[in-house]
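Open the model in your viewer and keep the selection panel at hand. We will go step by step.

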Amino acid sequence: MQKGSARKVRTDKKRDVKPTIPIELKDTIYRISYVVDTPVKDIVETICKFGLDSRKVITVLSVNFKRNVRFHNTLFMGDLEKPSVQRLKPGTRTERISTRLKQPDYENLVTLAFALDVTPSRAAALLIDASIRHSDFVNSYFQQHLSETLNYNRMIELRKIINFINNNNPYDETVSWLALISYIYAEIKDSAVSFNETLNDFIDKWK
């Protein structure tokens with residue numbers, strides 16, 4: 001390598017990210033991991049990537065921006081007078097969680113951290129929290145998982161069940177894929193029954 005030449009960073013190379021998050025949020029991610037049988041680090045990566053690609057998530061986070069930054073062709077204005085979000089609220093019980101991001105995603109995370117005036121680790125924590133609360137993420141993520149788990153006919157049956165519940169619900173609520181997953185998790189967490197068995201039993205009861 002010639003002196004002074006810049007070393008190119010491979011776009012498929014991954015960077016370690018270890019944000020500290022509230023225990024309740026970590027427990028939620030571990031539940032998702034258990035239900036869909038996917039490593040936690042992969043789920044966290046998916047959550048981060050979704051948030052970084054979502055204009056809605058970035059818009060939610062932008063209320064805390066201290067510096068101007070451009071995301072998705074939108075210029076978000078920062079304000080240095082805004083209070084810092086580097087630290088969590090006092091008394092919050094936290095634990096660390098680990099993932100690895102591809103270089104382009106990591107660079108976007110660094111940009112987000114710059115806008116928030118926090119460390120990349122803290123930016124990741126804020127991003128995870130904002131993303132996992134976004135119904136588009138949980139619904140699309142679980143819907144995709146279920147479509148891969150169930151055959152076509154049973155997936156159709158499941159959609160009919162959710163539509164029926166929502167159409168006949170006397171309350172101002174909507175049953176989501178996440179709610180269904182949470183129900184199944186509660187059913188199987190203390191038993192030896194698998195996710196697929198419980199889901200199939202659920203469908204059969206409603207047919």
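Are helix 1 and helix 5 parallel, perpendicular or oblique to each other? Keep that in mind as you select; the model is predicted.

**Stop 1: helix 5.** Select residues 120-132. These 13 residues make up helix 5, which reaches 18 Å from first C-alpha to last. That is close to the 18 Å expected at 1.5 Å a residue. Now look at its surroundings. Helix 5 is mostly covered, with ten of its 13 residues buried. Among them are Arg122, Ala123, Leu127 and Ile132.

**Stop 2: helix 1 against helix 5.** Add residues 23-36, which form helix 1. The two axes, of helix 1 and helix 5, lie 11 Å apart and pack at an angle of about 60°. Helix 1 and helix 5 are therefore oblique to each other. Their crossing is left-handed. Show side chains here. From helix 1, Leu25, Thr28, Ile29 and Ile32 meet Ile128, Asp129 and Ile132 of helix 5.

**Stop 3: the largest nonpolar core.** This core has 42 residues. Select Ile29, Leu61, Phe65, Leu109, Leu112, Leu116 and Leu127, the ones with the most contacts inside it. Elements giving two or more residues to this core include helix 1, helix 4 (103-116), helix 5 and strand 3 (69-71). Helix 5 gives the largest share, eight residues.

**Stop 4: Leu112.** Center on leucine 112. Beyond its neighbours within four places in sequence, Leu112 is in contact with Leu52, Ile58, Leu61, Phe65, Phe71, Ala123 and Leu127.

**Stop 5: another core.** Apart from the largest core lies another, of eleven residues. Select Leu150, Leu158, Ile184 and Leu199, which are among them.

Methods. Residues are numbered from 1 along each chain as its sequence is written. This is a predicted model: local features need pLDDT of at least 70, side-chain atom pairs count only at pLDDT 80 or more; totals for chains, interfaces and linings use all residues. Side-chain values use heavy atoms; hydrogens and water are left out. Helices (H or I, at least four residues) and strands (E, at least two) are DSSP runs, numbered from the N terminus. The expected span of a helix is 1.5 Å times one less than its number of residues. Buried means under 20% relative accessible area, exposed over 50%, partly exposed in between (1.4 Å probe, protein chains only). A nonpolar core is a set of buried Ala, Val, Leu, Ile, Met, Phe, Trp, Tyr and Cys residues joined through side-chain atoms within 4.5 Å. Contact means heavy atoms within 4.5 Å. Axes are lines fitted to C-alpha atoms, for helices over the stretch in contact, and angles run from 0 to 180 degrees between N-to-C directions. Angles under 35 degrees count as roughly parallel, over 145 as roughly antiparallel, 65 to 115 as roughly perpendicular and the rest as oblique. A crossing is left-handed if the near helix is turned anticlockwise from the far one by less than a right angle, and right-handed if clockwise.
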